[in-house]
Amino acid sequence: MAALITLLPGDGIGPDVTASARQVLDAVAERYGHDFSYREALIGGAAIDEIGNPLPDETIEACEAADAVFLGAVGGPRWSDPNAAIRPEQGLLELRSILGVYANLRPVRIYPELAGASPLRAELLDGVDLIVVRELTGGIYFGEKTRTSDSASDLCEYTSGEIERIVRVAARLAEGRRGKLCSVDKANVLETSRLWRDVTNRLLGEEFPGLEVETLLVDAAAMHLLSRPAEFDVIVTENMFGDILTDEASMLAGSLGMLPSASLGDSRAGLYEPIHGSAPDIAGQGIANPCAAIASAAMLLRHSLGLEDEASSVESAIADTISGGARTADILAEGETRVSTDQMTAEIIRCLS
Ligand code: NAD
């Protein structure tokens, strides 16, 4: 198939890991007979430096024209003044809104060889393979905000339509996995959560009767994620709860350098990015772990291009590379040999079936 992929390398290690993802996509295209073309555009600090705008018009145009968008990372100490009028993160938030990507998917998969890197005991991590689906464009982060000298408020609002569309994304994912869906809310306290629970129960009963459904309050979910993580398959929740739970879930895997993400909407291009930031402390050294970016490219193949076999083969190649012993600095244990970003990428390409 032919596809146009817009690459937004961004800042810090963003360009390094984006280059790795592109090499893997090229290798997939060659092996499976696809024709991927790329357009590279500026975002974040790099765009501020060059044009004075974290999301230039040409970048928006390149993203709107693409079948999928891949982002490295944005931000860094050079642009981190909290009082600055223009900040790199604004570019990313605006891009998510322009692309209409309301569903943020964050899979957490444990590679048995890396279980030692997690703060949790290895036996708790056995079989962990879950995905958190976070609502990305509604809720308290986007409601009206007020501030006086001694009080402040943030409005949390959800509509039935916003809840239905995100729960459908999660339910469809669960159907293609182990058939288990956990909905997380705070229905004992919040009106938005009571609506969330009513809409979710009705929709799942009507449209997805075959799923095994569990409902948890967010405080309990935070606990269960640590005490029985292997029992979760797909977790769906609203924006702020998802923000917190996805970071908690990412710690199960030990390193930020392993975890991908996808942000999806109804029709336009999905946005794919590793969950880590620009890692300024290791930028430019050629030592960043490219696995999160390459796993994000696998999600791009699956969700935007519909290439499931290709996506699975990239994910298997990452797993084989890890079990073969290649380790970037962030996942290195004593006695193991360290490889660079380029060597890790080359090994993953070698393992592609
Ligand atoms: P970070 O994820 O950049 O780094 C945290 C730690 O993890 C660092 O020690 C870093 O070296 C390490 N790390 C991260 N990714 C790695 C990889 N692929 N390989 C090896 N080690 C890796 O988080 P931070 O330090 O809090 O933020 C740095 C900058 O990134 C900030 O400006 C922040 O705003 C930005 N940020 C951007 C995004 C994004 O673009 N979506 C996300 C988070 C943070």
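Helices here are DSSP runs of H or I with at least four residues, strands are runs of E with at least two, and both are numbered from the N terminus. Keep in mind that this is a predicted model.

**Exercise 1. Two places in one loop**

Task: Find where Ala279 and Asn289 sit, and describe what surrounds Asn289.

Solution:
- Step 1. Ala279 is placed in the loop between β12 (270-274) and α10. Asn289 is also found in the loop between β12 and α10.
- Step 2. Look at the backbone of Ala279: its phi is positive, about 40 degrees, although the residue is not a glycine.
- Step 3. Is Asn289 buried or exposed? Buried means under 20% relative accessible area. With 4% relative accessibility, Asn289 counts as buried.
- Step 4. Follow the side chain of Asn289 to the backbone. The backbone oxygen of Gly257 is reached at 3.5 Å, and the backbone nitrogen of Cys291 at 2.9 Å.
- Step 5. Now list the neighbours. Leaving out residues up to four places away in sequence, Asn289 touches Val17, Gly257, Met258, His276, Thr328, Asp330 and Ile331.

**Exercise 2. The two sides of a helix**

Task: Work out which residues of helix α12 are buried, and where they lie around the axis.

Solution:
- Step 1. Helix α12 spans residues 341-351, and its buried residues are Thr341, Met344, Thr345, Ile348, Ile349 and Cys351.
- Step 2. These residues are on the same side of α12 because they cover an arc of only 165 degrees around the axis.
- Step 3. A helix rule helps to read such a pattern. An α-helix has 3.6 residues a turn, so residues three or four places apart point the same way.
- Step 4. Turn to the face directed away from the buried side of α12: Asp342 and Arg350 are the exposed residues there.
- Step 5. What do the buried residues of α12 pack against? Their partners are α1 (14-32), α10 (291-303) and α11 (308-323).

**Exercise 3. Where two domains meet**

Task: Describe the interface of domain 1 and domain 2, starting from their bounds.

Solution:
- Step 1. Domain 1 is made of 1-107 + 258-353, and domain 2 covers 119-252. Their C-alpha centres are 25 Å apart.
- Step 2. Count the residues in the contact: domain 1 supplies 12 residues and domain 2 supplies 15 residues.
- Step 3. Consider the area. About 1200 Å² is buried between domain 1 and domain 2, and carbon and sulfur atoms give 66% of this.
- Step 4. Which residues of domain 1 lose the most area to domain 2? They are Tyr102, Asn104 and Arg106, together giving 55% of what that side buries.
- Step 5. Check for charged and polar pairs. The interface of domain 1 and domain 2 has 1 salt bridge, and 3 residue pairs are in polar contact across it.
- Step 6. Find the strand involved. With 5 residues, β4 (residues 103-109) gives the most to the side of domain 1 that touches domain 2.
- Step 7. Finish with a pair of side chains: Arg106 forms a salt bridge with Asp247, and the closest N and O atoms are 3.5 Å apart.

**Exercise 4. Salt bridges within and between elements**

Task: Take three salt bridges, Asp243 with Arg134, Arg202 with Glu206, and Glu315 with Arg302, and say which elements each pair belongs to.

Solution:
- Step 1. Start with the total: the structure holds 24 salt bridges.
- Step 2. Asp243 and Arg134 meet at 3.6 Å, N to O. Asp243 belongs to helix α9 (residues 239-250) and Arg134 to strand β5, so the pair ties together parts that are 109 residues apart in sequence.
- Step 3. Compare how open the two partners are. Asp243 is partly exposed at 25% relative accessible area, whereas Arg134 is buried at 9%.
- Step 4. Arg202 and Glu206 meet at 3.9 Å, N to O. Both lie in helix α7 (residues 191-207), 4 residues apart, about one turn of the helix. Arg202 is partly exposed at 38% relative accessibility, and Glu206 is exposed at 54%.
- Step 5. Glu315 and Arg302 meet at 2.9 Å, N to O. Glu315 lies in helix α11 and Arg302 in helix α10, so this pair ties together parts that are 13 residues apart in sequence.
- Step 6. For a last look, go beyond pairs: Asp129, Arg177, Arg178 and Asp233 are linked in a network of salt bridges.

Note on methods: Residues numbered from 1 in each chain as written. Predicted model: local features only at pLDDT ≥ 70, side-chain atom pairs only at ≥ 80, totals over all residues. Heavy atoms only, no water. Buried < 20%, exposed > 50% of the residue type's maximum accessible area, 1.4 Å probe, protein only. Arc of directions from axis to C-beta. Contact = heavy atoms within 4.5 Å. Domains from an automatic or database assignment. Buried area = accessible area lost by both parts, 1.4 Å probe. Salt bridge = Lys/Arg side-chain N within 4 Å of Asp/Glu carboxyl O. Polar contact = N/O pair within 3.5 Å; in protein donor to acceptor, adjacent residues only side chain to side chain.
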